[in-house]
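Okay, thanks for making time, everyone. Let me pull the model up on the screen and then I'll walk you through it.

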Amino acid sequence: MLRVDEVRDSENFPESVDVVVVGGGIIGVCTAYELARRGVSVVLLEKGFIGAEQSGRNWGWVRQQHRDFHELPLAMRSLQRWEALTSEIGIDLGFRRSGISYGTTQPAELERWERWNKRAAEMGFQSEMLSGEQLKTQFPTSAASWVGGIWSPTDGKAEPSKAAPGIAEGAKQLGVQVFQTCAVRALDIGAGRVAGVWTERGRIRASTVVCAGGAWTSRFLHAHGIDLPVANIIGTAMRTSAAPAPVAGCFNGPGFAMRRRLDGGYTIAVPGHGRFELTPQNIRHSIKFYQMMRSKLAKKLKIRLGGSFFDGPGSSGRWTPDDVSPFERIRVLDPLPDREWAEAALGNVTKTFPEMQGVRVVQTWAGVIDTSPDLIPVICASRAIPGVVIASGFSGHGFGLGPGAGQLVSEVVMNDLPYADITPFRLERFVSGEAIRPPEMM
């Protein structure tokens, strides 16, 4: 089991609050924190432990670069909030503006990056295009035949084991009540709208419920007749022992991504590769993912039938608020990693940076990524059940976007003017008959 920093539960279980936030990942804790800054009474409920699922298992990249243009405003706001959070909370989240670089040996890829960079500059974000010689100067020990790269000195990284727990502690300082091993079994609905939630510890009254349960959100909402089309994809990563430092921040090269950790090792993965397990949920939403499965992304996925078909976030079955729910049967998703991809990633790193030869793999792990059909999150108020706000489907981007997304969700809850256009994030884009657009990423 991957370890994250411990968060202590609050003392007195509430009977009522203004807002219940379901899910203690990065989106949930940031939403709770931002609402508390506005003076809202909030309880944050997590079936397992704060940050123990994908929010503690991701790469730790905090980037504006390589974003879909709908996501870019969230990413830009997130970098501002990441910068401020450490001083506001007084806890080190591991955030460092150490820069992010991409390098390529393929001219076509470099051309695509140049097109992306031009449009991003029009939106207020500027990366620096690098020639092959400039990239070699930046990474003098690299052995690849670079044709060029792109560099964002304002991007950075944070430590997944520290970030969500640290922000949860900051939320507690502002009055948020936090309870772990406390699954929300169902919404409490009265007069056609949310009246609270039923938990394994009892009922809590509330006029608003934010559903930010990551890979579990779709199953939770499906029980209430809300169809959230996501595919849960299992991604693998690894960390090394203390290693030489060819990269001080984050780097994406041919067949690998790497981040320098605070402990002197690296987190390493193969970008885009994952395991797609056939489950009732994934099968039910398959038509929405037709375009994705026809794309080159599908070549990076293993399609398997696993135990998650029968039990887990993508399985089927009904329960009542008095029953033990699926969310209690699996407190923390801890899927098996695909070790061959971890080995391939490290092999690709050592080809590019020969001094990494012989570095020891300390741990390999996997996480479950709630992935939307267009790789863009759902952030909106539900039309089906007033009082429900959905914040899910972040498609592996949630860690970096967390602080900006939390602020945007808080504005949706408060019915305030949002700092970014929320139209692209509405759930209805998947049910209105409009074409599902491909992501506009670098």
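**A walk through the model**

Let's start with one side chain: Ile283 counts as partly exposed, because its relative accessibility is 45%, and buried would need under 20% while exposed would need over 50%. You'll find Ile283 in helix H7, residues 280-284. Who does Ile283 share a nonpolar surface patch with? Its companions there are Leu278, Ile303 and Leu305, and together the four make a patch of about 360 Å².

Before going further, keep in mind that this is a predicted model.

Okay, zooming out. The protein chain has 11 helices and 21 strands. Its radius of gyration is 21 Å, and the globule rule gives 22 Å for 442 residues, so the chain is as compact as a globular protein of that length. If you box up the C-alpha atoms along the principal axes, you get roughly 65 × 45 × 45 Å. And of those 442 residues, 59% count as buried.

Now the sheets. Quick reminder: strands of a sheet pair through backbone hydrogen bonds, either parallel or antiparallel.

First up is an open sheet of 6 strands, with mixed pairing, in the order E8-E2-E1-E12-E21-E20. At the edges sit strand E8 (177-179) and strand E20 (378-381), and each of them pairs on one side only. From one strand to the next, the twist averages 15°.

Let's look inside that sheet. Strand E2, residues 42-45, runs parallel to E8, and 3 bridges join them. Leu45 stands opposite Phe179 in E8. Leu45 is also 7.4 Å from Val20, C-alpha to C-alpha, although the two are 25 residues apart in sequence. Val20 belongs to strand E1, residues 19-22. So, is Val20 buried or exposed? Val20 counts as buried, because its relative accessibility is 0%.

On to another sheet. Here we have an open sheet of 3 strands, in the order E9-E10-E11, with antiparallel pairing. Strand E9 (184-190) and strand E11 (202-205) are the edge strands; each has a single partner strand, so one side of each is left without a neighbour in the sheet. The twist here averages 30° from one strand to the next.

How many bridges do E9 and E10 share? Strand E10 covers residues 193-199, and the antiparallel pairing with E9 runs over 6 bridges. If you want a spot to click on, Ala186 stands opposite Trp198 in E10.

That's the tour from me. Happy to rotate the model if anyone wants another look.

How values were computed. Residues are numbered from 1 along each chain as its sequence is written. This is a predicted model: local features need pLDDT of at least 70, side-chain atom pairs count only at pLDDT 80 or more; totals for chains, interfaces and linings use all residues. Side-chain values use heavy atoms; hydrogens and water are left out. Two strands pair if DSSP finds at least two bridges between them. Helices (H or I, at least four residues) and strands (E, at least two) are DSSP runs, numbered from the N terminus. Axes are lines fitted to C-alpha atoms, for helices over the stretch in contact, and angles run from 0 to 180 degrees between N-to-C directions. Patches are made of residues with over 30% relative accessible area and no salt bridge: like charges are joined within 9 Å, nonpolar side chains (Val, Leu, Ile, Met, Phe, Trp, Tyr) within 5 Å. Accessible areas come from the Shrake-Rupley method with a 1.4 Å probe; for residues, only the protein chains shown count as cover. A salt bridge is a side-chain nitrogen of Lys or Arg within 4 Å of a carboxyl oxygen of Asp or Glu. Buried means under 20% relative accessible area, exposed over 50%, partly exposed in between (1.4 Å probe, protein chains only). The radius of gyration is taken over C-alpha atoms; the globule rule is 2.2 Å times the number of residues to the power 0.38.
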